[in-house]
Amino acid sequence: MEDSPAAYIHLVHRLIEECMLFNMSQEECMEALSKHANIKPVITSTVWKELEKENKEFFEAYLKNRVERASETETRQRIQNMVLDSSK
């Protein structure tokens, strides 16, 4: 891969997409790329914000889906805890 700013931004873009496949938030993605790819959080944040501007509807749906998944996970955990508590 060439060492141009455009190539670097493309790499960050691709890695953000990978993070999104794992349903990560912007903050989780920034932390993961910093830790595992040595990409400064400010770079990830900047690219993420540009992607949001270019794909507003997609990111709105992504955020809504993240919130719904978190709610479903929380509800599932509460039910499991109730079942465990009732079996004691």
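So, what covers the buried residues of α2? Among the elements that do are α1, residues 5-21, and α3, residues 41-54. Before I go further, please keep in mind that this is a predicted model. Let me stay with α2 for a moment, and then we'll walk outward from there.

The buried residues of this helix are Gln26, Cys29, Met30, Ala32 and Leu33. Looking down the axis of α2, you find those buried residues within an arc of 165°, so they line one face of the helix. Now turn the helix around: the face pointing away from the buried side carries Glu27, Glu31 and Lys35, which are exposed.

The length of α2 holds up too. The helix has 12 residues, 26-37, and at 1.5 Å a residue they should span 16 Å. The end C-alpha atoms are 15 Å apart, which agrees.

Next, the two loops on either side of α2, where we have a nice pair of asparagines. Asparagine 23 sits in the loop between α1 and α2, and its phi is positive, near 60°, in a residue other than glycine. Asparagine 38 belongs to the loop between α2 and α3, and although it is not a glycine, its phi is positive as well, about 55°. So which of them is buried and which is exposed? Asparagine 23 counts as buried, at 15% relative accessibility, whereas asparagine 38 counts as exposed, at 67%.

Let me come back to the buried side of α2 by way of a residue on a neighbouring helix. Threonine 44 is in helix α3, and it is buried, with a relative accessible area of 0%. What does threonine 44 touch, leaving aside its neighbours within four places in sequence? The contacts are Val12, Ile16, Cys29, Met30, Leu33 and Ile39. You'll recognise Cys29, Met30 and Leu33 from the list of buried residues of α2.

Cysteine 29 deserves a closer look. Like threonine 44, cysteine 29 is buried, with a relative accessible area of 0%. Cysteine 19 is buried too, with a relative accessible area of 6%. How many disulfides does a search of the whole structure find? Zero. Cysteine 19 is in none, and the nearest cysteine sulfur, that of cysteine 29, is 3.0 Å away. Why is there no bond from cysteine 29? The closest cysteine sulfur, in cysteine 19, is 3.0 Å from its own sulfur, and that is too far for a bond. The cut-off behind this is 2.5 Å between the sulfur atoms.

On to the aromatics, where the count comes to three pairs. In the first one I'd like to show, phenylalanine 58 and phenylalanine 59 are edge-to-face, with 5.4 Å centre to centre and 85° between the planes. Phenylalanine 58 counts as partly exposed, at 47% relative accessibility, while phenylalanine 59 is buried, with a relative accessible area of 9%. Phenylalanine 58 also forms a pair with tyrosine 62, and this one is stacked: 6.2 Å centre to centre, 15° between the planes. Both of these residues lie in helix α4, residues 56-86, and they are four residues apart, about one turn of the helix. Tyrosine 62 is buried, with a relative accessible area of 10%. Put the ring pairs together and they link Trp48, Phe58, Phe59 and Tyr62 into a cluster.

Let me finish by zooming out to the whole protein. There are four helices and zero strands, so to speak in shorthand, α-α-α-α from the N terminus on. How spread out is the protein? Its radius of gyration is 17 Å, well over the 12 Å that the globule rule gives for 88 residues, so it is more spread out than a compact globule. Taken along the principal axes, the C-alpha atoms fill a box of roughly 60 × 30 × 20 Å. Of the 88 residues, 25% are buried. And as for contacts between residues at least 6 apart in sequence, 53% of them join residues at least 24 apart.

That's my tour, so do please bring up the model and have a look around with me.

Notes. Residues numbered from 1 in each chain as written. Predicted model: local features only at pLDDT ≥ 70, side-chain atom pairs only at ≥ 80, totals over all residues. Heavy atoms only, no water. Expected span 1.5 Å × (residues − 1). Buried < 20%, exposed > 50% of the residue type's maximum accessible area, 1.4 Å probe, protein only. Arc of directions from axis to C-beta. Contact = heavy atoms within 4.5 Å. Phe/Tyr/Trp six-rings, centres within 6.5 Å; stacked < 30°, edge-to-face > 60°. Rg over C-alpha atoms; globule rule 2.2 N^0.38 Å.
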